[in-house]
Amino acid sequence: MKLKKWAIMALSIVTAVSLAACSSDKGASTDAKGVGFKEKIEKRGKFIAGVKFDSNLFGFKDPADQTVKGFEVDLMKEFTKRTFGDVNMLELKEVTSKTREKMLTSGEIDVIAATMTITPKRKETADFSRVYFLAGQALLVKKGSPIKDVKDLNGKQVGTAKGAVSGKNLKAINKDAVVKEYSNYAEAFQALRGGIIDAVTTDDGILAGMAKQDPNYEVVGNRFSKEPYGVAVDKKNKDLLEAMNKFLDDTIKDGTYNQLYKKWFGQDAPKDLPRDAVLELQPGVDG
Amino acid sequence: MNWDFGFIQEYRTEFIDGFFLTLKVSLTALILSLIIGTIIAIFRISSNKALRAFGTSYVEFFRNTPLMVQVFFFYFGLASIGYKLTDFWIGVLGLSIYTAAFIAEIIRAGIQTVPHGQTEAARASGLSFLQTMFHVVLPQAFKLVVPPMCNQFINLVKNSSILSVIAAQDILYVGEQAISEYDPFSVELFVAALYLIITIPLSQGVNLLERRWAKQGTR
C-alpha cells in the first residue's frame, strides 16, 4: 500500500516537472526569437567565426608568430569591429572543409568564412551571404612539370582536401585522374612537395597561397569551375545573415573591401563580383 | 534521427574496394608484425647485450610514440629521401612496425612463463639456443599468449584506419567521402559494421584455436 502511494507521488512529480520543463522550453524558444543574435553574442562576449588555418592568403596560421591572418580573417575582424564595436570580441576557430558544416549546425561557431563555395546542396543545410570572392578551380604543379591542363592528368595522382568539392569536380571533367583526398590542404601540398602526388587541385586562390609559400610551384591550367565563396550562417540566425549581407555590401561600397583585397591579393578587387551565384562546372573550357 | 543509407548504392564499388584494402593491409601487417615481434622478443631475452639493447629501444620507441606520427614519418619522410612506396606498403610497414612492439612484449612475457628448467634441459641435451626457442619454448609460449595477441590483432585492424589519413582508399576514407554528402550517423554506423565483419571472425577464430589448444594440452 505504502509503495503504491510512493509510486503515485513519484509519478505525479515526474509529470509535473516534465510539464514545467515543456512549458519553460516553449517560453525559451519564443524568447530566443525575440532576442536578436547581437544581444545573444554581446551577452556571450564572443563572436565566433570558423576560418581556415591552412589556406595562405585566406585564413592561415603563421608559424612565425602563431597568429591567424588572411583576407577572410580581416573581413571577420572588420565585421566584428563594425557590429560590436570591439574587434577583441572576435574568436577564430579552425575549421576544415570536412568539419565546418557540422560545427555551424551544432552552434560551435556563428559563421563560416572559410573558402566555402556556395553550392545548391550546401544551401540546404546553411544560409549563405552574398558572394565575397569568386574563385575558379585550377591545378598546382612543380615548375617544369609536363602537366599543363586537366587533360594531362590521365592516370596522374592529384591531391585535394576531404569534404571539398574539388575532387568530384575534377573527376567530372577527367575521370582518368586519380584523386587523393587528404585531411587538409597543407598535407596535400606536402605530399606534392614530397613527390608523392603529381598535382594539387582546388580553388586558384588557395593554390596561389601555396605557390607564394614555395616558389618552386606554380598554378597552371584554365580555371575549370566558377566557385563563388559566401559566408555561411545557420538557418536559425536570419538576422545575422542580414547583418552580414549589409556589412559586405557596405564594405564593397565604401572601399574597405577593395583595400583588403589589394592587401592580400596584390590587385584591385574585380568590379563585376556577382551578388548571388552557385558553383558552376565548365567542362568545355579548353578541351 | 533521419537514417539515410542511400550512400551505400552510390559508393558501392568504393566500399567494396575499401573493404578489401583494409582486409589485405590488415592481414599482411598481421603476419609481418608477428614475425618482427617474435624476432624482437628473442632479442629482448637474448644473452647478447647489443641485441638486448636493440630490442629494448625498439619496443620503447615504437610503443611510446603515436602511430600517426610514425605513419606520417614513413609517408613523407621516405618520399623526401627519394623512396616511393605505394600506400599499401606504407600502411603495412607502419602498422607492422608499431604492432610488433606490442607483440614482442606479449611473446616475451609468454616465454618467461615457460619454466627455465626446460630451456636448461633442452640446452643440456644438445639443442642450440635457436633450436631450443623454436622447438621447446616458443610453441608453449604462443599457446599461452593467444588471448592478449588476439587483442593486438583486433587493434591492428582498427588502427588500419590510419590509411585514410595518407589518402589510401580504405573503409574509413570512403566513409569520409560519403559523409560529406550524406547523414554522418548512418555512414559511421555502416563503416563500423564493415570493421566488425573483419574483427568478429578474427576474435571468434582465435577463441576456437584457444579451445582446441586447451583440449590438446589436457590430453
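## The nonpolar core

The largest nonpolar core in this predicted model has 120 residues. Its members with the most contacts to other members are V111(A), I112(A), A113(A), L140(A), A199(A), A232(A) and M244(A). Look across to chain B for the biggest contributor, though: helix α5 (residues 87-113) of chain B puts in 13 residues. On the chain A side, domain 1 (38-135 + 228-265) and domain 2 (137-225) each give the core at least three residues.

L140(A) is a handy place to start looking around. Setting aside residues up to four places away in sequence, L140(A) touches L192(A), A199(A), V200(A), L207(A), M210(A), A211(A), Y217(A) and V219(A). One of these partners, A199(A), is also on the list of residues that touch the most other core members.

## Two domains in chain A

Chain A splits into domain 1, covering 38-135 + 228-265, and domain 2, covering 137-225. Their C-alpha centres sit 25 Å apart. How many residues are in contact between domain 1 and domain 2 of chain A? There are 14 from domain 1 and 18 from domain 2. On the domain 1 side, β2 (54-55) and β7 (127-135) of chain A each bring at least two residues. By class, that side of domain 1 comes out as 5 nonpolar, 7 polar and 2 charged.

As for annotation, an unreviewed UniProt entry lists residues 46-267 of chain A as "domain: Ionotropic glutamate receptor C-terminal". That span is 36% helix and 28% strand, and its end C-alpha atoms are 33 Å apart.

## A closer look at K143(A)

K143(A) is in the loop that runs between β8 (137-142) and β9 (157-161) of chain A. Is K143(A) buried or exposed? K143(A) counts as exposed because just 10 other C-beta atoms lie within 10 Å, and the cut-off for exposed is 12 or fewer.

K143(A) still has some company: leaving out neighbours within four places in sequence, its contacts are N216(A), Y217(A) and E218(A). Y217(A) turns up among the contacts of L140(A) too. K253(A), meanwhile, is 110 residues from K143(A) along the chain, and the C-alpha atoms of these two lysines are 39 Å apart.

## Where chain A meets chain B

Between the chains, 12 residues of chain A are in contact with 9 residues of chain B. Strand β10 (residues 178-182) of chain A supplies the largest share of the chain A side, with 3 residues. Sorted by class, the chain A side has 2 nonpolar, 6 polar and 4 charged residues.

## Chain B

What does the secondary structure of chain B come to? The tally is 10 helices and 0 strands, so to speak a plain run of α-α-α-α-α-α-α-α-α-α along the sequence. The C-alpha atoms of chain B fill a box of roughly 70 × 50 × 25 Å along the principal axes.

Chain B has 219 residues, and 34% of them are buried. Among its contacts with a separation of 6 or more, 76% join residues 24 or more positions apart.

## How confident is the model?

For chain A, the average pLDDT is 87, and 86% of the residues score at least 70. Residues 22-33 of chain A are a stretch to treat separately: pLDDT stays under 50 there, and the model shows 0 contacts beyond four places in sequence for these residues.

How values were computed:
Residues numbered from 1 in each chain as written. Chains lettered and ligands numbered in written order. Predicted model: local features only at pLDDT ≥ 70, side-chain atom pairs only at ≥ 80, totals over all residues. Domains from an automatic or database assignment. Contact = placed C-beta atoms within 7 Å. Helix = DSSP H or I, 4+ residues; strand = E, 2+ residues; numbered from the N terminus. Nonpolar A, V, L, I, M, F, W, Y, C, P; charged D, E, K, R; others polar. UniProt positions renumbered as here; feature names shortened; annotations may be inferred. pLDDT = per-residue confidence, 0-100. Core = buried A, V, L, I, M, F, W, Y, C linked by C-beta atoms within 7 Å. Buried ≥ 20, exposed ≤ 12 C-beta atoms within 10 Å, placed from the backbone.
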